[in-house]
Amino acid sequence: MQTPESIKARLTELCRTNPNIHVSVSIVHPRVSIQNDPAVLLGTYRNVFRIEERSTGQPRCHTLQYVDVLTGQIRIAELEQ
């Protein structure tokens, strides 16, 4: 069973070894909708992690929660392999 701590540990390892990820995000507040787009994992923190993506052509940074990975609102292809 996954926990926010285990997701944080896996994302921290990804950030250190290969920060280029593919992410799908579907959250309402703030409105973020990304469909399997490449992103860069910028950092992991106590309760959140940061990514930078360019789905609109311009770089945008997002701060996301580990819990949203658990609920399925955020899917990271590299974590599902």
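Q: How exposed is Arg-60, as a relative accessible area?
A: The model is predicted. Buried would need a value under 20%, and exposed one over 50%. Arg-60 falls between these limits and is partly exposed, because its relative accessible area is 33%.

Q: Which residue meets the side chain of Arg-60 in a salt bridge?
A: Side chains of opposite charge can pair when their charged atoms come close. For Arg-60 the N to O distance is 2.8 Å. The cut-off is 4 Å, so this pair qualifies. The partner is Glu-53.

Q: Is Glu-53 buried or exposed?
A: Glu-53 sits on the covered face of strand β3, with Phe-49 and Ile-51. Its relative accessible area is 0%. The limit is under 20%, so Glu-53 is buried.

Q: Which residues form the uncovered face of strand β3?
A: Strand β3 spans residues 48-53. Its covered face holds Phe-49, Ile-51 and Glu-53. The uncovered face holds Val-48, Arg-50 and Glu-52.

Q: What is the N to O distance in the salt bridge of Glu-52 and Arg-54?
A: Glu-52 is partly exposed at 24% relative accessibility. Arg-54 counts as exposed, because its value is 53%. Their side chains meet within the 4 Å cut-off. The N to O distance is 3.9 Å.

Q: Which residue meets Glu-80 in a salt bridge?
A: Glu-80 is partly exposed, at 48% relative accessibility. Its partner is also partly exposed, with a relative accessible area of 46%. The N to O distance is 2.8 Å, and the partner is Arg-75.

Q: How many salt bridges does the count come to?
A: The pairs include Glu-52 with Arg-54, Arg-60 with Glu-53 and Glu-80 with Arg-75. By the 4 Å rule, the count comes to four.

Q: In which sense do β2 and β3 pair?
A: Strand β2 covers residues 32-44 and shares five bridges with β3. Gly-43 stands opposite Arg-50 in β3. Three residues separate the two strands in a hairpin. Their pairing is antiparallel.

Q: Which residue has a positive phi in the turn between β3 and β4?
A: Strand β4 (residues 60-65) runs antiparallel to β3, joined by six bridges. Ile-51 stands opposite His-62 in β4. The hairpin has six residues between its strands. The residue with a positive phi, about 100°, is Gly-57.

Q: Where is the place of Thr-56?
A: Thr-56 is exposed, because its relative accessible area of 52% is over 50%. Thr-56 is 25 residues from Arg-31 in sequence, and 14 Å away C-alpha to C-alpha. Its place is in the loop between β3 and β4.

Q: How many residues are in the largest nonpolar core?
A: Nonpolar side chains in soluble globular proteins tend to be buried together. Here Leu-11, Val-23, Val-25, Phe-49, Ile-51, Ile-74 and Ile-76 touch the most other members. At least two core residues come from each of α1 (4-17), β1 (20-27), β2, β3, α2 (66-71) and β5 (74-76). The number of residues is 19.

Q: Which residue does the side chain of Thr-44 reach through a polar contact?
A: Thr-44 lies in strand β2. Leaving aside residues up to four places away in sequence, Thr-44 touches Leu-11, Thr-12, Phe-49 and Tyr-66. Leu-11, on the same basis, has contacts that include Leu-41, Thr-44 and Leu-79. The polar contact, 2.9 Å between side chains, is with Thr-12.

Technical notes
Residues are numbered from 1 along each chain as its sequence is written. This is a predicted model: local features need pLDDT of at least 70, side-chain atom pairs count only at pLDDT 80 or more; totals for chains, interfaces and linings use all residues. Side-chain values use heavy atoms; hydrogens and water are left out. Buried means under 20% relative accessible area, exposed over 50%, partly exposed in between (1.4 Å probe, protein chains only). Helices (H or I, at least four residues) and strands (E, at least two) are DSSP runs, numbered from the N terminus. Two strands pair if DSSP finds at least two bridges between them. A nonpolar core is a set of buried Ala, Val, Leu, Ile, Met, Phe, Trp, Tyr and Cys residues joined through side-chain atoms within 4.5 Å. Contact means heavy atoms within 4.5 Å. A polar contact is a pair of N or O atoms within 3.5 Å; within protein, one must be able to donate a hydrogen and the other to accept it, and residues adjacent in sequence count only if both atoms are side-chain atoms.
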